[in-house]
Amino acid sequence: MRNAGVLWRREMAALFLSPAAYVIAAIFLLAAGGSLLLGVSQNSGRAIPPQALLFEPLCAWLTVLTATVTMRLFADEKKSGTIETLMTAPVTDTEVVVGKYAGALTFVLLCCAPVVACLYLLDFMSPGIRGLDTGAVAGGCVFVFLFSAMSVAVGEVISLTTRNQIVAAITTLFTLWILLLGGWLLAALPLGLAGIGSDLSLAAHIEAFERGVVDTRAVVLCASITAFSLFACVRLLETRRWN
Amino acid sequence: MIHVSNLTRRFGRKLAVNNISFDVQRGEVVGFLGPNGAGKTTTMRILACYLPATCGDVRVVGRDVFRDSVEVRRRIGYLPENVPLYHEMRVAEYLVFRASLKGLRGSHRRRRIDWALANCSLTEVRDRIIGNLSKGYRQRVGIADALVHDPDLLILDEPTLGLDPNQIRLIRGLIRKLARRHTILLSSHILSEVEMVCDRVLIMNKGAIAGQGTPEELSGILRGHTCVALEVRAAPDAVHPALSSVPGVLRVTAEPLTGEWTRAVCECEKGREVRASLFHAVVAAGWPMRELHEQRQSLEDVFVQVTGGAP
């Protein structure tokens with residue numbers, strides 16, 4: 001696993017050296033911050049905790065952020081041919097997958113941090129409103145972490161299946177929205193699957209987390225999708241060695 | 001260093017490499033020659049552990065490329081065709097990344113990077129962004145990357161592809177310098193280059209090895225006899241009988257040149273040295289002579305003949 005660290009640093013460098021990543025990060029921060037601002041100004045005077053106005057739009061924007069950050073992970077290397085230099089270096093498939101995953105996830109979490117910090121800025125600037133509930137904010141952060149971890153893993157495996165970054169981004173975005181809202185759709189259909197549907201809907205779980213309730217169903221769902229995606233990634237990379 | 005036996009690689013129905021076998025000994029510089037699509041790159045990718053073989057036994061540095069892939073990769077340096085690099089990185093940054101991946105750390109890594117930069121004449125561009133460099137520099141960055149961990153074996157796929165003559169000369173000089181310390185397998189379709197740097201040549205065609213040997217051996221295989229050409233100042237009618245009577249000469253063709261000179265080409269028995277006898281015959285006849293040499297078939301002739309191209 002020693003090389004995973006080297007690859008993590010290289011992924012971070014690739015992101016911070018490319019203007020595209022700064023553009024993506026800036027747009028994400030504007031969009032997520034703007035959504036919070038809009039929520040706060042529309043609900044002025046009502047007794048709604050500010051974190052309830054943050055985490056739902058944040059997760060929606062996160063799908064766009066992770067799709068654009070992960071699209072290049074493997075698709076770009078395949079297109080430019082650098083996958084050949086990478087895979088002929090003495091690295092294992094697992095190291096490559098974990099290194100790239102860690103790099104992309106770090107970037108996504110670094111982008112989320114200032115948005116969450118906006119809550120504290122709001123708290124600082126408006127002494128009139130009730131103080132922030134730290135537990136509830138922490139719950140929301142746990143959800144953002146779980147959701148980012150899952151989205152990046154899903155994005156990575158999709159990026160590995162194509163050499164076209166646009167295809168990777170659109171497929172990732174679509175898959176993430178299915179994961180967010182698919183459960184609701186399942187519950188809404190007259191199939192008698194309302195129970196399973198609401199368990200599988202990640203969007204439905206956000207509410208619990210932003211009240212400070214860490215729901216194990218959502219933890220298990222996110223963790224298992226993450227693990228499965230990373231496992232699939234290693235196996236897909238290995239198929240190169242098959243005939 | 002490399003042992004390949006009965007290697008076959010298919011892509012779907014297409015047979016890219018068809019049951020080839022060859023060996024490369026430690027310290028050799030071997031050239032892989034062949035037209036485009038002959039299977040050179042596929043074979044090199046299999047040796048570099050990038051592609052698996054469909055069947056056959058491939059051992060590099062004494063290890064199986066499939067079972068012991070990471071160890072093989074640690075001990076070879078591979079330059080892929082077209083030299084894919086991360087264009088947003090700086091030269092030194094890129095080499096630090098590659099050297100770290102190959103397990104180099106600390107001051108040893110720094111020393112090896114400085115060594116590779118100096119040997120590939122890259123020191124003056126070490127802080128430049130790779131994407132802004134010329135193709136010749138990028139090619140050398142690729143070679144520096146292949147060299148940085150001091151591998152036992154270097155596999156270079158078309159190291160001079162798309163370079164200008166000056167850059168080709170530079171790369172060729174570098175390969176010659178490296179040949180003293182490393183075993184090298186390189187592919188090319190520039191024949192003069194292979195002839196100049198390689199001890200041995202493997203000619204591939206349509207997925208099979210069509211010929212192998214030193215450039216001299218390959219010329220010999222194709223020709224049953226050697227030819228000696230000479231130019232003397234005498235009439236063709238006089239030259240013909242005088243040279244035909246020299247022992248070992250099978251056939252003489254003489255044709256007049258300008259200013260009373262005649263060019264004669266003597267086909268001689270294979271392996272028999274007749275140049276001294278020819279010289280004495282000319283001296284005995286009292287003719288001035290301005291040229292006498294054995295005609296060697298160039299690798300280009302061999303290549304065209306073996307790969308069935310247009311004559």
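Start with the largest nonpolar core of this predicted model. It has 140 residues, and the ones with the most contacts inside it are A:L58, B:A144 and B:I155. Select those three and show their side chains. Next, colour helix α7 of chain A, residues 134-160, which supplies the largest share of this core with 12 residues. As background, nonpolar side chains in soluble globular proteins tend to be buried together.

Now centre the view on B:I155. Leaving out residues up to four places away in sequence, B:I155 touches B:M44, B:L47, B:A48, B:I76, B:Y78 and B:L185. Keep B:M44 and B:L47 highlighted, as they return at a later stop.

Before leaving the cores, pick out B:V228, B:A264, B:C268 and B:L278. They are among the 16 residues of a second, separate core.

**A helix in chain A**

Select residues 50-70 of chain A, which form helix α3(A). This helix has 21 residues and reaches 30 Å from its first C-alpha to its last, close to the 30 Å expected at 1.5 Å a residue. Where does α3(A) bend? Look at A:C59, where the bend is about 25°. Then show the surroundings: 16 of the 21 residues of α3(A) are buried, so the helix is largely enclosed by the rest of the structure.

**Where the chains touch**

Show both chains together. On one side are 22 residues of chain B, in contact with 21 residues of chain A. Two elements of chain B give two or more residues to its side of this contact: α2, residues 69-75, and α3, residues 91-101. Of these, colour α3(B) more strongly, since it gives the most, with four residues. Colouring by residue type splits chain B's side into 13 nonpolar, four polar and five charged residues.

**The layout of chain B**

Hide chain A and colour chain B by domain. Domain 1 covers 2-213 and domain 2 covers 222-300. The centres of these two domains of chain B, taken over C-alpha atoms, are separated by 44 Å.

Within chain B, go to helix α1(B), residues 40-47. Is this helix mostly covered or mostly uncovered? Mostly covered: eight of its eight residues are buried. They include B:K40 and B:R45, as well as B:M44 and B:L47, the two you kept highlighted as contacts of B:I155. Following α1(B) is B:C49, which has a positive phi near 70°.

**Two more positive phi values**

Select B:N6 in strand β1 of chain B, residues 2-11. Its phi is near 50°, a positive value in a residue other than glycine. B:N6 counts as partly exposed, with 13 C-beta neighbours inside 10 Å.

Then jump to B:E158, in the loop between β7 (153-157) and α6 (165-179) of chain B. This residue is not a glycine either, yet it has a positive phi of about 50°. B:E158 is buried, with 22 other C-beta atoms within 10 Å.

**Last stop: B:N18**

Finish at B:N18, placed in strand β2 of chain B, residues 14-24. With 16 other C-beta atoms within 10 Å, B:N18 is partly exposed. Which residues does B:N18 contact, leaving aside neighbours within four places in sequence? Select B:T8, B:G207 and B:A208 to see them. Finally, draw a C-alpha to C-alpha distance from B:N18 to B:C55: these residues are 37 apart in sequence and 9.9 Å apart in space.

Key:
Residues numbered from 1 in each chain as written. Chains lettered and ligands numbered in written order. Predicted model: local features only at pLDDT ≥ 70, side-chain atom pairs only at ≥ 80, totals over all residues. Contact = placed C-beta atoms within 7 Å. Nonpolar A, V, L, I, M, F, W, Y, C, P; charged D, E, K, R; others polar. Domains from an automatic or database assignment. Expected span 1.5 Å × (residues − 1). Bend = angle between axes of the 7 residues up to and from the residue. Buried ≥ 20, exposed ≤ 12 C-beta atoms within 10 Å, placed from the backbone. Core = buried A, V, L, I, M, F, W, Y, C linked by C-beta atoms within 7 Å.
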